[in-house]
Amino acid sequence: MGGGAVTISFLENTSSMVAIADADPLVSAFWSVVFSEAAVDLADLIEETEPDLDLWLALKNQKPNNLLALAYKCLVLNRTSFSGIMNGQAGPIGGIKQQSEHTISCRFNATALSKRITELSEYRDRVLHLGCQDWRKTVSAIRRKVRGRARSRLAWYLDPPFFEKADRLYARFFNTEDHEKLRRELDRLPGRYVLSYDDVPAARAMYRDHPGFLRINLSYNARVDRHERLVAGEMLVSDIIARLRKKGALAPMGQLVVMPEKGRASQLTIRTLSAEELPVAQAAHGGTL
Ligand SMILES: C[S@@+](CC[C@H](N)C(=O)[O-])C[C@H]1O[C@@H](n2cnc3c(N)ncnc32)[C@H](O)[C@@H]1O
């Protein structure tokens with residue numbers, strides 16, 4: 001479920017096969033078109049697009065009946081809607097009146113997007129698209145497809161909907177029971193896994209006792225307004241972290257995973273908080289780390 005940036009990084013930095021699935025028809029269609037012969041059609045459509053409010057409103061109300069149209073709707077709304085939210089109540093960047101400093105097309109670089117689609121489509125032979133489906137079906141499908149010793153070479157990246165406000169962000173989201181089901185399934189997955197969540201109390205409570213639990217501080221621009229630079233936390237749960245911890249290769253808690261501001265995820269470093277940093281970090285996280 002989800003995980004576009006990680007999938008791309010995997011394709012660019014390894015030679016492994018990748019399988020993708022998402023329960024949202026827009027997201028699912030987008031990836032299936034990007035990694036198909038039809039990517040060229042999507043790239044052409046995007047190259048010709050000059051987003052304005054009329055297009056945004058038309059797409060918002062449109063119910064596409066083919067994959068290409070779904071993929072187009074997904075990408076254009078993602079790049080022109082507030083915080084990239086394609087579903088629900090999120091409005092266009094710059095507001096309905098378009099009176100803000102940033103207007104609807106400010107995140108839409110047609111040429112760059114079109115080029116990126118074409119580049120990514122080159123990886124299509126290594127991408128298996130499992131369709132628009134619930135994550136449990138995806139896990140079963142992979143279990144059926146990958147048998148024997150090959151199962152231990154599987155790597156899962158799970159990027160489920162956030163714990164908080166997910167109903168406002170995604171067409172498909174998780175309730176508490178869904179989050180609990182995922183937690184139960186996690187340690188039964190064959191191979192290795194990395195699960196990422198937003199670092200909020202409910203998510204921490206569910207995973208705090210898991211040996212593969214790690215909190216990360218990230219800084220990122222989730223919004224376009226220059227006053228709204230967000231500093232947000234993420235948490236990871238992974239059997240890889242659990243193993244490193246068991247071997248003593250990771251100190252228990254109070255470590256910092258440092259992501260370069262403009263770097264790739266593979267360039268992140270891990271370091272222990274200094275005596276001066278620790279109280280500051282603890283205060284920023286409501287007294288706990
Ligand atoms: C946090 S988002 C991931 C977005 C991702 N980080 C990206 O870069 O595109 C969570 C994703 O989980 C998907 N999702 C929600 N319910 C699901 C389900 N039951 N099975 C599979 N995917 C689901 C949503 O459609 C959404 O795309």
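These legends go with close-up views of a predicted model, centred on helix 5 and its surroundings.

**View 1. The whole chain, before we zoom in.** The protein chain is built with 12 helices and eight strands. It has 289 residues, and 24% of them count as buried. Take the contacts in the chain with a separation of 6 or more: 65% of them come from residues 24 or more positions apart.

**View 2. Helix 5 on its own.** Helix 5 covers residues 67-80. How far should its 14 residues span? At 1.5 Å a residue, the answer is 20 Å, and the end C-alpha atoms of helix 5 are 20 Å apart, which agrees.

**View 3. Helix 5 under cover.** Helix 5 is mostly covered, with 10 of its 14 residues buried. Starting from the front of the list, you'll find Leu 70, Ala 71, Tyr 72, Lys 73 and Cys 74 among the buried ones. Leu 75, Val 76, Leu 77, Arg 79 and Thr 80 are buried too. And what does the covering? The elements over these buried residues include helix 2 (25-34), helix 3, helix 4 (53-61) and helix 6 (110-121). The next two views pick out a pair of these neighbours.

**View 4. Helix 3 meets helix 5.** Two packed helices are described by the angle between their axes and the distance between the axes. For helix 3 (residues 39-47) and helix 5, the angle is about 45° and the axes are 10 Å apart. That makes helix 3 oblique to helix 5. The crossing of this pair is right-handed. On the helix 3 side, the contact is made by Asp 41, Leu 42, Leu 45 and Ile 46. Helix 5 answers with Leu 68, Ala 71, Tyr 72 and Leu 75. Sort the residues of this contact by class and you get seven nonpolar, no polar and one charged. Look back at View 3 and you'll see that Ala 71, Tyr 72 and Leu 75 are also on the buried list.

**View 5. Helix 4 meets helix 5.** Here the axes come within 10 Å and cross at roughly 130°. Helix 4 and helix 5 are therefore oblique to each other. Is this crossing left-handed or right-handed? It's left-handed. Helix 4 brings Leu 55, Trp 56, Leu 59 and Lys 60 to the contact, while helix 5 brings Lys 73, Val 76, Leu 77 and Thr 80. By class, this contact has five nonpolar, one polar and two charged residues. Lys 73, Val 76, Leu 77 and Thr 80 of helix 5 are buried as well.

**View 6. Ser 83, in the loop after helix 5.** Ser 83 is in the loop between helix 5 and helix 6. Its phi is near 60°, a positive value in a residue other than glycine. Buried, partly exposed or exposed? Ser 83 has 14 C-beta neighbours inside 10 Å, so it counts as partly exposed.

**View 7. Lys 97 and Gln 98, further along that loop.** Lys 97 lies in the loop between helix 5 and helix 6, and Gln 98 has its place there too. With 8 C-beta neighbours inside 10 Å, Lys 97 counts as exposed. Gln 98 has 15 other C-beta atoms within 10 Å, so it's partly exposed. Gln 98 also has a positive phi, near 50°, in a residue other than glycine. Which distance separates Lys 97 from Leu 53 in space? C-alpha to C-alpha it's 9.0 Å, though the two are 44 residues apart in sequence.

Definitions and conventions:
Residues numbered from 1 in each chain as written. Predicted model: local features only at pLDDT ≥ 70, side-chain atom pairs only at ≥ 80, totals over all residues. Axes fitted to C-alpha atoms, helices over the stretch in contact; angles between N-to-C directions. Helix = DSSP H or I, 4+ residues; strand = E, 2+ residues; numbered from the N terminus. Parallel < 35°, antiparallel > 145°, perpendicular 65-115°, else oblique. Left-handed = near helix turned anticlockwise from the far one by under 90°. Contact = placed C-beta atoms within 7 Å. Nonpolar A, V, L, I, M, F, W, Y, C, P; charged D, E, K, R; others polar. Expected span 1.5 Å × (residues − 1). Buried ≥ 20, exposed ≤ 12 C-beta atoms within 10 Å, placed from the backbone.
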